[in-house]
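Trainee: Please take me slowly through one buried spot in this protein, and then through the bonds and packing elsewhere that you would look at next.

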Amino acid sequence: MPQASSPRPLLPLAAVIVTSLALAGGCRSASSLSVAAAPAPRTVPAHHVVPLPSSITPSAGPPVTFVAASRIVLAAGDPELDGVARLLAAALTPATGYAWPVVASTSAGAVPGAAPDITLALDAAVPGGRDAYRLDTTATGVRIVAATPEGVFRGTQTLRQLLPPAIHASAVQPGPWRVAPVSVTDAPRYQWRGAMLDVARHFFGPSQVKRYIDLLAFYKFNVLHLHLSDDQGWRIEILSWPRLATWGGSSSVKGDGSGFFTQAEYRDIVAYASARFITVIPEIDMPGHTNAALASYPELNCNDVAPPLYTGIEVGFSSLCVGREVTYRFVDDVVRELAALTPGPYIHIGGDEVKKLTAAEYAGFIERAQEIVARHGKRAIGWDEIAHARLAPTTVVQQWRVGKNGVADAGAAAVSAVAQGARLVMSPASKVYLDMKYTPSTVLGLNWAGYVELRDTYAWDPGALIPGVTDEHVLGVEAPLWTETIVTMSDLEVMVLPRLLAVADLGWTAQASREWNAFTARVAMHGLRWDAMGVSYYRSPQVEWMTVAPTLPRE
Ligand code: TNX
């Protein structure tokens, strides 16, 4: 378990300093170990916050050291902040062992207690949108203020990252629980900062999905897209078509698993995500990637014969029978039940990799599916192939395909999408597919889009990738994790960490502030955080992982 203190000289965190490898506490990467030359000096940043805030500067005054009597104070006793405060208390209690009572201040300002407090406040004047916040260390502790509870929540994640890594431990640690004097103003670049989890190829249950949500929230993601159906499995209970889950959910890739969410479990996941200001977007992939549904109901097949369950990893061989009306009753029932489970605005209709239909059949199906989604009060989103159909202006296109030059054919789909008024979520496989192997020696994952090391995920601009698509067309970024080869939570974590941090920075941080060396210097401390959380990760040789956390001076 990492300790908050270290035996080496204290580093002045109030400034960005360049120090030698030895002073930095022996941080080494695998690659620096293998070269004979003296390692290059490394930068120790003033903080290790990911994604990088808009502005984070050292401020005057002593560090804030929390103690057993520290509290979470709601300025003006705002009840809207109660949920955020309780989540923060729950995050801080295990490692500190402190009670972290949530108290309302009686007047507009925090009533100073005997100990440094965390004050949470709403102030409509904080600019930058609903995620924006300010965080300052003050004479009475740390103050986080935002126009919305969402903004305050984002600020609490920054506060967690300003505390030593041992704060994430599940048992009491010695501390001290100290925050360097700092002033943060922050707001995101994009409104869509997403991750997708494929629960169809291998099922991940409610507690595993919640564990992933915790990680996403920590890095200020606000969208969790659940890929709920595919050839190998159907993972959501649909009351009007019950065999989808009971039969379609009984398989997986390699046949080594099964499972589905009951509607009650699904609602609980949506609520858990919502408390952390993450919108869940359900995907039913149609008209292809539907073998699990076709296996469950013979009438969905043009020949009325249900195929066997499928446990391989080929794509493109299945399709709903688009000429039959029963298909649209099926789509309508599924979308109606999903819409009732979905407080968020979007239903994802898939639309990728259909090899069985003509272009006209495909477009006709997508247009009807899009109408059904609209009739149930939701906006449609689909993979970039849907741009070859007529799109409603509210439809969102998720760009995933790559070619020789990084985009190729997908460029045409994206340009067609924006010409129709649609906006794009950027998920280019060669950059943000978290199921791609990092290197040829990565055990898990696939490599059809290439090898994707941390730097490949980090070093591009979502607003400038596709010629003819400008930043105003881009809603944000989303990193899918397809699970053909991913079975356990630890498999999942090794594939997403550290690349998830690059995605967080892509979605949150202004392009002009994004710089690879500074990014990896901040990522370097997160390995200690994941060790404390008990989370697995890939020790990319592109990061000089810290082995001991820096400590703060007492005054
Ligand atoms: C392509 S991306 C797919 C998925 C696979 C993935 C594997 C997309 C829309 N379709 O069906 O799982 O590649 O990397």
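Mentor: Let's begin with a term: helices (H or I, at least four residues) and strands (E, at least two) are DSSP runs, numbered from the N terminus. With that in hand, P51 can be placed in the loop between β2 (42-44) and β3 (55-58). Before we go on, this is a predicted model in which local features need pLDDT of at least 70 and side-chain atom pairs count only at pLDDT 80 or more, while totals for chains, interfaces and linings use all residues. Residues are numbered from 1 along each chain as its sequence is written, and side-chain values use heavy atoms, with hydrogens and water left out.

P51 has a relative accessible area of 0%, so it counts as buried (buried is under 20% relative accessible area, exposed over 50% and partly exposed in between, with a 1.4 Å probe and protein chains only). What touches P51, once its neighbours within four places in sequence are left aside? The residues in contact with P51 are Y219, K220, A504, D505, W508, T509 and R522, where contact means heavy atoms within 4.5 Å. R514 is worth finding as well: 463 residues separate it from P51 in sequence, yet their C-alpha atoms are 9.8 Å apart.

From there, turn to the cysteines. The structure holds 1 disulfide, meaning a pair of cysteine sulfur atoms within 2.5 Å. This one joins C302 to C321, with an S to S distance of 2.0 Å. Both cysteines sit in the loop between α7 (291-296) and α8 (325-341), 19 residues apart. The torsion about their S-S bond is about 105 degrees, so the disulfide is right-handed. Its two ends differ in exposure: C302 is exposed at 55% relative accessible area, whereas C321 is buried at 5%.

Next come the charged side chains. The whole structure has 23 salt bridges, each a side-chain nitrogen of Lys or Arg within 4 Å of a carboxyl oxygen of Asp or Glu. One of them pairs R130 with E150, whose closest N and O atoms are 3.2 Å apart. R130 lies in the loop between β7 (117-122) and β8 (133-138), and E150 lies in helix α3 (residues 149-162), 20 residues away. R130 is partly exposed at 48%, while E150 is buried at 12%. D198 and R201 meet in another salt bridge, at 3.0 Å from N to O; here D198 is buried at 0% and R201 is buried at 3%.

The side chains of R336 and D333 also form a salt bridge, 2.9 Å from N to O. These two are 3 residues apart in helix α8, so about one helical turn separates R336 from D333. Shared partners also tie salt bridges together: R130, D131, E150, R154 and R193 belong to one network.

Finish with helix α9 (residues 359-375), which has 17 residues. Its expected span, 1.5 Å times one less than the number of residues, is 24 Å, and its end C-alpha atoms are 24 Å apart, which agrees. Buried residues in α9 include Y362, F365, I366, A369 and V373. The buried residues of this helix pack against β16 (279-286), α8, β17 (346-350) and β18 (379-383). After α9 comes G377, with a positive phi near 80 degrees.
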